[in-house]
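Please open the structure in your viewer and keep the sequence panel beside it. The tour below suggests what to select at each stop and then describes what is there.

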Amino acid sequence: MNLMSNKDIVRNFFEIYNSQDYDSIYDCMAPDYYDHSLPSVRSITDAIVILKATHKSFPDIKVVIDDLIEEEDKVAFRGHFSATHLGNFLGIEPTNSRIEFEALELFKLKDYRIIESWGYWPTNVILRQMNAAL
């Protein structure tokens, strides 16, 4: 029997950003995980690809969880990210810019695994901070 709450599982998922321990994603997500915000993420394997690409673009990325709100089978996340743009991101070569942004995401869980998510990641804010150094 799993003694973790759904909030604990989502908290562990976001720790992957800080630790870069990609194997731990198997403890958090279902194999057929579906991200409604990113059309290229339709499995846990796709999620790992996105995480690795994020770390390649922003190797020092850190996330701080501000809020986790749980209701029934869903957990809402609000958090702050900070990082340095040190690798290609969306076709933009490294700018060495420091970026900071707030993100929101809603997770649906089943059997102690994240099965779906809907997120708001402010790409325009990130790009604006990167371009400020160009």
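## A tour from loop to sheet

Begin by selecting Ser97, which is found in the loop between β3 and β4; bear in mind throughout that this is a predicted model. Is Ser97 buried or exposed? With a relative accessibility of 6%, Ser97 counts as buried. Show its side chain together with that of Thr95, and you will find the two joined by a polar contact of 2.8 Å.

Now select Asn96, which lies in the loop between β3 and β4 as well. Asn96 is exposed, because its relative accessible area is 55%, and its backbone has a positive phi of about 65° although the residue is not a glycine.

Stay with the loop between β3 (74–84) and β4 (98–110) and select Phe89, then add Phe58 from the loop between α2 (44–57) and β2 (62–71). The structure holds 14 aromatic pairs, and these two residues make one of them: the ring centres of Phe58 and Phe89 are 5.1 Å apart and the planes stand at 65°, so the pair is edge-to-face. Because the two residues belong to those two loops, the pair ties together parts that are 31 residues apart in sequence. Both Phe58 and Phe89 are buried.

For another pair, select Phe77 and Phe81, whose ring centres are 6.3 Å apart and whose planes stand at 75°, so that this pair is also edge-to-face. Phe77 counts as buried at 3% relative accessibility, and Phe81 counts as buried at 2%. Which aromatic residues form one cluster with Phe77 and Phe81? Add Phe13, Phe14, Tyr17, Phe101, Phe107 and Trp121 to the selection, and the whole aromatic cluster is on display.

Next, hide the side chains and look at the strands, starting with β2 and β3. These two strands run antiparallel and are joined by nine bridges. They form a hairpin with two residues between them, and Glu72, in the turn, has a positive phi of about 50°. Two bridge partners are worth picking out along this hairpin: Leu68 is partnered in β3 by Phe77, the residue already met in the aromatic cluster, while Asp67 is partnered in β3 by Arg78.

Keep Arg78 selected and turn to its other neighbouring strand. Arg78 stands opposite Leu104 in β4, and how many bridges join β3 to β4? There are 11 of them, and the two strands run antiparallel. While you compare the side chains along these strands, it may help to recall that in a regular strand the side chains alternate between the two faces of the sheet.

Move on to Asp35, which lies in strand β1, residues 29–35. Asp35 is buried yet has no salt bridge, and the nearest side chain of opposite charge, that of Arg42, is 5.8 Å away. For a salt bridge, a side-chain nitrogen of Lys or Arg would have to be within 4 Å of a carboxyl oxygen of Asp or Glu. What the side chain of Asp35 does make is a polar contact with the side chain of Tyr33, at 3.4 Å.

Leave Arg42 visible and add Tyr34 to the view. Arg42 lies over the face of Tyr34, at 3.9 Å from the ring centre.

For the last stop, select Asp111, in the loop between β4 and β5 (113–120). This residue has a positive phi of about 50° although it is not a glycine, and it counts as exposed because its relative accessibility is 63%. Then select Val49 in helix α2, which is exposed with a relative accessible area of 52%. How far apart are Val49 and Asp111 in sequence and in space? They are separated by 62 residues in sequence and by 24 Å in space, taken from C-alpha to C-alpha.

How values were computed:
Residues numbered from 1 in each chain as written. Predicted model: local features only at pLDDT ≥ 70, side-chain atom pairs only at ≥ 80, totals over all residues. Heavy atoms only, no water. Phe/Tyr/Trp six-rings, centres within 6.5 Å; stacked < 30°, edge-to-face > 60°. Helix = DSSP H or I, 4+ residues; strand = E, 2+ residues; numbered from the N terminus. Buried < 20%, exposed > 50% of the residue type's maximum accessible area, 1.4 Å probe, protein only. Lys NZ or Arg CZ within 6 Å of the ring centre and 35° of its normal. Pairing = 2+ DSSP bridges. Lys, Arg positive; Asp, Glu negative; His and termini not counted. Polar contact = N/O pair within 3.5 Å; in protein donor to acceptor, adjacent residues only side chain to side chain.
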